[in-house]
Amino acid sequence: MTSHIQGGRAGRDEAEPSSLTGRIDTEPISTGPVNGFEVMAKVSALPVATWRYRWEPAGVRHLGPMAQDWHAAFGLGKGNTTIPMVDAHGVLVVAIQALHRQVGELRAEIDQLHQQLTAQSPRH
């Protein structure tokens, strides 16, 4: 595995420990302090740019938010110079779940409006 570590983990393919047995103080978001729609709004508002690390050749590009903006939006991790992948994955899963709920609600509303429109339109 090639590793480009300059004060972080950039350039490494590595899995984060994610087992329930290795976690403490777990709060399910359905009963905890996280609102998926708020998370989705914060993700939508994040500034995103293309960039490269100082040590990479000029042709290399990455896409994503800056750690300072991420930390200001979510306050996760140990500081504002890195985006922990475990937090990035969690935020994105919560945002996708909220988006899925929103799409489902909109589909139900569209179906209801379609049924109302069909019931009100004159039959030919």
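A residue is called buried here when its relative accessible area is under 20%, exposed when that area is over 50%, and partly exposed in between. This cut-off serves the reading of a predicted model, which begins with its first helix. In helix α1, spanning residues 36-45, the buried residues are G36, V39 and M40. Viewed down the axis of α1, these buried residues fall within an arc of 100 degrees, and they therefore line one face of the helix. The general geometry of such a helix is relevant to this pattern: an α-helix has 3.6 residues a turn, so residues three or four places apart point the same way. The cover over the buried residues of α1 includes α2, residues 67-74, and α3.

Two further details belong to α1. At its N-terminal end the helix is capped by N35, which places a side-chain oxygen 2.8 Å from the backbone nitrogen of F37. A41 also lies in helix α1, but A41 counts as partly exposed because its relative accessibility is 47%, which falls between the two cut-offs. The C-alpha atoms of A41 and A98 are 9.9 Å apart in space, although 57 residues separate the two in sequence.

The overall arrangement can now be set out. The protein chain holds three helices and two strands, and from the N terminus on, these elements follow the order α-β-β-α-α. Of its 124 residues, 14% count as buried. When contacts between residues at least 6 apart in sequence are considered, 36% join residues at least 24 apart. The accessible surface of the chain comes to about 9900 Å², and carbon and sulfur atoms account for 57% of it.

The second helix repeats the one-sided pattern of burial. In α2, the buried residues are A67, W70, A73 and F74. Seen down the axis of α2, they fall within an arc of 130 degrees, so they too line one face of their helix. The buried residues of α2 pack against α1 and α3. F74 gives a detailed view of this region: apart from its neighbours within four places in sequence, F74 is in contact with V39, K42, V43, L46 and V91. After α2 comes G75, whose phi is positive, near 65 degrees.

These helices meet in a shared nonpolar core. The largest such core has 11 residues in all: V39, M40, L46, W70, A73, F74, A88, V91, V94, A95 and A98. Two or more of its residues come from each of the elements α1, α2 and α3. The most is given by α3, with five residues.

Which residues does D87 touch, beyond those up to four places away in sequence? They are W70, L76 and G77. D87 itself lies in helix α3, which covers residues 85-120. D87 counts as buried because its relative accessible area is 18%, which is under the 20% cut-off.

A second acidic residue, E56, is found in the loop between β1 (49-51) and β2 (62-64). Is E56 buried or exposed? E56 is buried, because its relative accessible area of 15% lies under 20%. The side chain of E56 reaches the backbone nitrogen of Y53 at 3.0 Å.

Finally, the confidence of the prediction bears on how the coordinates may be used. The chain averages a pLDDT of 85, and 82% of the residues score at least 70. Over residues 1-7, however, pLDDT stays under 50, and for this stretch the model has nine contacts beyond four places in sequence. Where pLDDT is low, the predicted coordinates should not be read in detail.

Key:
Residues numbered from 1 in each chain as written. Predicted model: local features only at pLDDT ≥ 70, side-chain atom pairs only at ≥ 80, totals over all residues. Heavy atoms only, no water. Helix = DSSP H or I, 4+ residues; strand = E, 2+ residues; numbered from the N terminus. Buried < 20%, exposed > 50% of the residue type's maximum accessible area, 1.4 Å probe, protein only. Contact = heavy atoms within 4.5 Å. Arc of directions from axis to C-beta. Polar contact = N/O pair within 3.5 Å; in protein donor to acceptor, adjacent residues only side chain to side chain. Core = buried A, V, L, I, M, F, W, Y, C linked by side-chain atoms within 4.5 Å. Areas by Shrake-Rupley, 256 points an atom, 1.4 Å probe, with all protein chains shown as cover. pLDDT = per-residue confidence, 0-100.
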